[in-house]
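Visitor: Please take me through the ligand site in close detail. What surrounds the ligand, and which contacts hold polar atoms?

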Amino acid sequence: MKKDNEKKPKKLLKVLLNLILIIVLLILIAMTAWYIYKTETSKDKEKNTLSYTQLINEIVNKNVEKIEMTVGSTTLKVKLKNEEEEKKAIIPNTQVFMELVQQQTLENNEINLEQKSQSILMQIPSYIISFLPTIIMLALFIMIFKMQGLGEKGQVYDDTERKTKVTFDDIAGLDEEKEELKEIVEFLKRPKKFTEMGAKIPKGVLLYGKPGTGKTLIAKAIAGEANVPFISMSGSEFIEMFAGLGASRVRKLFEKARKLSPCIVFIDEIDAIGSRRTSNSGAETENNQTLNQLLVEMDGFSSEETIIVLAATNRPEMLDKALLRPGRFDRQITIPAPDMKGREEILKIHSKDKKLSQDVSLKNIAEDTAGFTGAELANILNEAAIIATKKEHMAITNEDLDEAVKKVTVGLEKTSRKISEKDKKLTAYHEAGHAIVSQFLPTQTAVKEVSIIPRGMAGGYTMYKSDEDKYYISKTEMEEKLIALLGGRAAERLILNDISTGASNDIEVATKIAKDMVTTYGMSDIIGPISLKDNEGQLEYQMFGDDMQDAIGKEVKKLIDIAYMNAQEILKQNIETLHAIATELIAKEKINEEEFNKFFRD
Ligand code: ATP
């Protein structure tokens with residue numbers, strides 16, 4: 001009841017502001033219409049108007065019979081002796097004109113001068129015109145005021161004041177993480193149990209993980225399990241065009257949290273406000289103010305107020321160290337991409353509401369999707385359902401799922417695109433090059449499909465079987481990855497004696513891997529195990545002198561050169577197979593694992 005009463009005056013104010021705005025707008029429209037009408041009619045009446053010189057001439061020539069003037073107005077009605085219709089005349093100065101007319105009137109006693117006082121109604125438009133700038137300013141102020149008001153109240157107050165029904169059962173995998181977070185649920189459910197023992201309830205938990213790993217889902221599930229309100233806001237929503245608004249939003253957010261305590265406050269993309277503070281001006285200062293306010297609020301609430309702030313980021317290295325101090329976000333939990341078991345469980349959860357055919361194996365999909373996040377897996381199932389509907393299948397089949405995986409990873413198949421014979425040949429040799437080279441590299445996974453049908457941005461593609469989940473990648477594996485990536489370019493050079501733009505993405509990926517090997521993983525013998533990147537991932541070699549810059553460049557180039565040479569070597573030794581596979585690709589456009597392996601058995 002209390003909340004409803006509090007909302008009423010706010011609603012009334014909102015309605016009132018809207019009304020004022022509408023009135024101001026209507027006045028402005030009316031003024032514009034009136035102005036247009038006036039200029040139009042004045043054009044019509046031009047013929048019926050006397051200029052000041054003409055009027056004086058008519059008076060001097062004694063042609064004027066009657067003049068009617070309104071007090072305060074410079075427009076006169078003039079009746080000439082030889083004309084039926086009255087004319088209009090505008091005079092620059094009333095006083096000078098009066099003297100002239102009176103003199104004429106006295107001398108000749110011929111002009112009938114009539115003076116009228118102006119009606120109030122007639123004066124309104126001119127008053128409005130003089131107040132127009134003030135009205136416009138007022139309208140602008142109201143608009144700005146409204147926007148600020150919305151900014152401060154909008155999302156925080158209306159959108160998030162509800163309990164969530166998500167529970168830990170809706171989260172697949174992440175068993176250890178859930179276990180760790182159950183403690184937070186306990187704090188929220190029974191805070192007294194902990195405080196009586198003298199324990200301090202943690203204020204903040206930071207969730208690290210790449211986009212789509214389920215950070216928001218976990219935060220909601222904690223609130224759902226503890227049955228407490230879930231208030232959420234994204235870091236980017238704090239950053240607004242009005243200086244100081246971010247800080248005021250943080251204040252409002254916590255004001256609300258205090259009222260709803262015990263509760264969960266979830267700040268997504270905290271890096272948007274929580275990145276390292278600087279002393280720069282402008283947007284940075286606004287950012288700093290917002291972050292300072294967040295720190296003040298977190299330091300401010302006492303242990304009786306059971307508010308737990310959960311924040312999510314995928315760029316932990318950007319965060320200001322002050323956020324991580326005890327009493328703030330002192331608990332940090334990494335949310336990894338799911339492993340194979342996790343992926344299968346996520347697929348199970350998201351297939352509950354979908355029609356799957358009997359033979360569908362979610363385990364196979366889980367095996368093929370190493371590195372995929374929960375959000376991507378959910379997306380695959382949704383895409384598969386769309387594909388199945390389009391193909392008018394009774395239920396989602398294994399092929400629909402396979403197609404969905406390819407659509408999500410490489411893009412949509414573009415069968416209708418016309419490709420020249422020359423491009424077809426180039427793509428066929430390029431893809432066959434990748435596939436054959438990988439076949440001879442022990443650390444690389446087996447080829448699953450080779451195609452020269454364009455998909456997404458790619459002219460063709462070689463799909464490999466998914467890797468098992470791994471935590472480390474060895475130097476040999478990275479070197480062999482470089483060879484596989486350059487297999488396409490090597491085949492072009494070898495067979496067509498020319499190279500194309502088709503390898504640009506391979507080259508980009510290979511160069512990045514080579515750079516990381518040298519500067520991040522210390523895999524160059526010449527440079528040694530030194531990290532050459534600062535906390536923000538920028539190259540930082542200055543402290544080692546200019547020689548280091550040369551050495552980095554040379555080492556990266558050496559890795560790429562060796563890989564390119566090895567790729568060409570493998571292809572030279574298997575040139576027959578290369579021709580055979582490329583020819584088959586040109587004929588069939590796509591070959592699967594079975595068909596590919598046949599070339600090596602033979
Ligand atoms: P972002 O960093 O982009 O905000 P996020 O890590 O917060 O991403 P969520 O928004 O929580 O990710 O996840 C997106 C969707 O992915 C969820 O709504 C859910 O459908 C699915 N999802 C992600 N992880 C899981 C999981 N472990 N179990 C079940 N579903 C999941």
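Guide: Start with Leu217. One of its backbone N or O atoms lies 3.0 Å from an oxygen atom of the ligand. This is a predicted model. Asp268 also faces a ligand oxygen atom, here with a polar side-chain atom at 3.2 Å. His350 meets a nitrogen atom of the ligand instead: a polar atom of the His350 side chain lies 2.9 Å from it. Now take the ligand surface. On its own, the ligand exposes 620 Å². The protein buries 76% of that area.

Next, the shell. It counts 16 residues around the ligand. The closest are Ala172, Gly212, Lys215, Thr216 and His350. His350 thus appears both in that list and in the contact to the ligand nitrogen. By class, the shell has 7 nonpolar residues, 6 polar ones and 3 charged ones.

Which elements supply the shell? Two or more residues each come from α7 (215-226), α12 (340-351) and α14 (374-390). Helix α7 gives the most, with 3 residues. Step back to the domains. Domain 3 (160-334) and domain 4 (340-409) both give residues to the shell, so the ligand lies between them.

Stay with helix α12 for a moment. Lys341 and Glu345 both lie in this helix. They are 4 residues apart, about one turn of the helix. Their side chains meet in a salt bridge, with N to O at 3.4 Å. Side chains of opposite charge can pair when their charged atoms come close. The structure as a whole holds 26 salt bridges.

For context outside the site, turn to the sheet. It is open, has 5 strands and mixes its pairing. The strand order is β1-β4-β3-β2-β5. β1 (49-50) and β5 (112-116) stand at the edges. Each has a single partner strand, so one side of each is left without a neighbour in the sheet. For β5, look at the pairing with β2 (residues 64-70): it runs in the parallel sense, over 5 bridges. Within it, Met69 has Gln115 of β5 as its bridge partner.

Definitions and conventions:
Residues are numbered from 1 along each chain as its sequence is written. This is a predicted model: local features need pLDDT of at least 70, side-chain atom pairs count only at pLDDT 80 or more; totals for chains, interfaces and linings use all residues. Side-chain values use heavy atoms; hydrogens and water are left out. Two strands pair if DSSP finds at least two bridges between them. A residue is near a molecule or strand if one of its heavy atoms lies within 4 Å of it. A polar contact is a pair of N or O atoms within 3.5 Å; within protein, one must be able to donate a hydrogen and the other to accept it, and residues adjacent in sequence count only if both atoms are side-chain atoms. Accessible areas come from the Shrake-Rupley method with a 1.4 Å probe; for residues, only the protein chains shown count as cover. Ala, Val, Leu, Ile, Met, Phe, Trp, Tyr, Cys and Pro count as nonpolar, Asp, Glu, Lys and Arg as charged, and the others, Gly among them, as polar. Domain bounds come from an automatic or database domain assignment. A salt bridge is a side-chain nitrogen of Lys or Arg within 4 Å of a carboxyl oxygen of Asp or Glu.
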